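Me: Please take one part of this structure, the aromatic rings and the cores around them, and go through it slowly. I am in my first year, so please explain each term when it comes up.

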Amino acid sequence: MRIIRLENSIKTGRGKIKRFGILAGALLLLGLWQKQAGDTGETVCLQDEIIGEVQEKAYETCIPVFSFMEEGIRKEKDTVVAMRLFTGFFPLYEYMELHYVTPVQAESRNTVERIIEGENSHEKDGEDVELDGDLMEAIQKENEDAVQEGEEEASVDPVAGFQEAEKVQTIDKTALEDFDRLVSDFYAVDSTTYIGRDQLDVNKLSSKDMTLQQRDSSRPQILIYHTHSQEGFVDSVPGDDNTTIMGAGEKLAQVLRDRYGFHVIHHLGKYDVESRDYAYSNSAPALEQVLAENPDIEVIIDLHRDEVAADRKLVTDISGRPTARFMFFNGLSRTNKTGEIDYLQNPNLDENLAFSFQMQVAANEYYPGITRKIYLKGYRYNMHYRGKTLLIELGAQTNTVEEIMNAIDPLAHILSIVLNGEAPAEEETVEEAEQQP
C-alpha cells in the first residue's frame with residue numbers, strides 16, 4: 001500500500017513539474033515573441049490581447065468577484081483594486097487604520113518627564129550652534145543677493161516697508177479630504193509620534209470657529225510669552241533682549257496692538273536662563289497666574305526660534321524684504337513608545353490643531369512659501385491652557401535680526417485674518433448678495 005501511495009505521489013509530482021514546465025515554456029515563448037516583434041504593432045497587439053485574456057480567466061477563476069465588478073473599476077490600477085477588495089473583505093483593517101494606537105511600553109513618570117524637558121525638547125537638533133565670522137558674512141551676503149534678485153525680478157520698485165498682501169490663491173480643501181494628501185501637503189510628523197484620520201480631517205479642522213469671541217479690546221485678548229527666552233540669531237547682541245526672540249515678541253505685540261487693535265499682553269518672564277531643562281514646567285505657574293488675572297485671554301502664543309543645520313537658511317522675500325520663514329508646531333500628548341500620556345492630557349488638542357491649520361491655510365493663500373509644514377510631535381508643550389494656542393518657530397539661529405523682524409508683519413496679518421474671520425466673512429457676504437433679488 002505504501003508503495004502504491006509513493007508511486008501516486010511521484011506521478012502527481014511529475015504532473016506538477018510537467019504543468020510548470022509547460023507554463024514556463026509558454027512564458028518564454030511569449031517573451032521571445034515580444035522580442036522578435038520589434039516595431040510590428042499588429043503582433044504586439046495580438047500578444048497583449050492573449051495576455052489580457054489569460055489575466056481575465058485567472059481573475060475569474062481565482063477571484064471571481066472581479067467578474068461582477070463594473071468595467072471602469074476593473075481597469076483601475078491593480079494595487080488599488082486589490083486594496084479595495086482587501087478592505088471590503090476585512091473591514092477591520094480600515095477601522096484599525098482610522099483608530100490606530102501604538103502598543104504602550106511602560107515608562108516611569110520621572111523618565112518621561114526627563115525626556116519631555118531634556119533630551120527630546122522640541123528643538124530637534126540640540127544645543128545652539130556657534131557661528132564663526134566667515135559663516136556670518138556668507139549668510140548676510142546670501143540675504144543681500146536674495147534681495148537684489150527680488151528687485152531685478154519685480155515689475156515695480158519694492159516698497160521700503162511692509163504692505164499687506166491680497167489673497168493670491170485659494171486652497172482647494174476638497175483635495176485635502178484625502179488623508180494622505182492632507183498630511184503630505186501640510187504636515188511633518190516627528191518619528192516619535194503618530195496622527196490618525198480621526199484627528200486630521202480637513203472638514204473638522206476648517207469648520208472650527210477660530211474667531212475671537214471677546215471683541216472688547218479694553219480687556220486682554222492675546223498673551224505672548226517665551227518658554228525659551230534666550231534664543232538669539234546670527235547677529236544678536238549679547239545682553240540685548242531687543243535682538244533676541246523676546247524682541248521679536250515685543251514687535252509682534254506692538255503690531256497687533258497698533259495696526260489691528262488687539263489688546264495684547266507680552267509676558268517677559270525668563271525660564272531658561274541657567275538651563276533649558278524643565279523650562280515648560282518652570283513657566284507653567286506664571287502662565288496660570290497671568291490667565292487667572294486675565295480670564296478673557298483667548299489666544300496664547302509661545303514664540304520661539306528653531307534650531308537648524310548651520311548651513312541652512314529659512315528666508316524668503318516679502319515686499320522686497322528678506323523675511324524669515326516660520327513654522328507652527330503642535331504637541332499631541334502621546335508618543336510611539338508610551339502611547340497616550342495620561343498626566344499630560346490636552347482637552348484642547350482638536351482646537352489647537354484647527355488653529356494651526358487655519359493659520360497655515362491663510363499663510364499659503366496670502367504669503368505662499370512663508371511657512372514651513374506644521375510640525376507634529378509627541379508632548380504637550382503647555383498648549384492645553386487655551387484652544388487658540390500657537391507654538392511658533394520663527395526662523396532659526398541662522399537668520400538675522402532684520403529677517404526675523406520683517407517676518408512679524410505678515411505673521412500679525414495672518415493672525416488678524418484668522419482671529420477676525422475675514423475670509424469666511426467675505427464668502428458669506430457673496431452668498432448673501434447672490435440670494436438678494
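Reply: What follows starts with the whole chain, turns to the aromatic rings, and ends with the cores and two helices.

This is a predicted model, in which local features need pLDDT of at least 70 and side-chain atom pairs count only at pLDDT 80 or more, while totals for chains, interfaces and linings use all residues. Residues are numbered from 1 along each chain as its sequence is written, and side-chain values use heavy atoms, with hydrogens and water left out.

The mean pLDDT of the chain (the predictor's confidence in each residue, from 0 to 100) is 76, and 60% of the residues reach 70 or more. Residues 94-136 stay under 50, although the model has 81 contacts for them beyond four places in sequence, a contact being heavy atoms within 4.5 Å. Residues 146-159 are also below 50, and this stretch has eight contacts beyond near neighbours in sequence. The chain has 14 helices and eleven strands, which are DSSP runs numbered from the N terminus, helices being H or I with at least four residues and strands E with at least two. Of its 437 residues, 42% count as buried, meaning under 20% relative accessible area, as against exposed at over 50% and partly exposed in between, with a 1.4 Å probe and protein chains only.

Now to the rings: the structure holds seven aromatic pairs. Rings of Phe, Tyr and Trp (its six-membered ring) pair if their centres lie within 6.5 Å, and planes under 30 degrees apart count as stacked, over 60 as edge-to-face and the rest as tilted. Tyr280 and Tyr381 are edge-to-face, because their centres are 5.4 Å apart and their planes stand at 70°. Since Tyr280 lies in helix H11 (residues 279-293) and Tyr381 in the loop between strand S10 (374-377) and strand S11 (388-396), this pair ties together parts that are 101 residues apart in sequence. Both Tyr280 and Tyr381 are buried.

Tyr381 also pairs edge-to-face with Phe329, at 5.1 Å centre to centre and 90° between the planes. Phe329 belongs to strand S7 (residues 326-331), and 52 residues separate it from Tyr381; Phe329 is buried as well. Ring pairs link Tyr280, Phe329, Tyr375, Tyr379 and Tyr381 into a cluster.

Some of these residues return when we turn to the cores, where a nonpolar core is a set of buried Ala, Val, Leu, Ile, Met, Phe, Trp, Tyr and Cys residues joined through side-chain atoms within 4.5 Å. The largest core has 65 residues, of which Tyr187, Leu256 and Leu415 touch the most other members, and its largest share, twelve residues, comes from helix H13 (residues 401-420). Leu415 touches Leu252, Leu256, Ile301, Phe355, Met359 and Leu390, leaving aside residues up to four places away in sequence. A second, separate core of ten residues includes Phe329, Leu344, Tyr375 and Tyr381.

Finally, two helices: in H13, 18 of the 20 residues are buried, and its end C-alpha atoms lie 29 Å apart, close to the expected 28 Å, where the expected span is 1.5 Å times one less than the number of residues. Just after H13, Gly421 takes a positive phi of about 65°. Helix H12 (residues 349-366) has 16 of its 18 residues buried, so it is largely enclosed by the rest of the structure.
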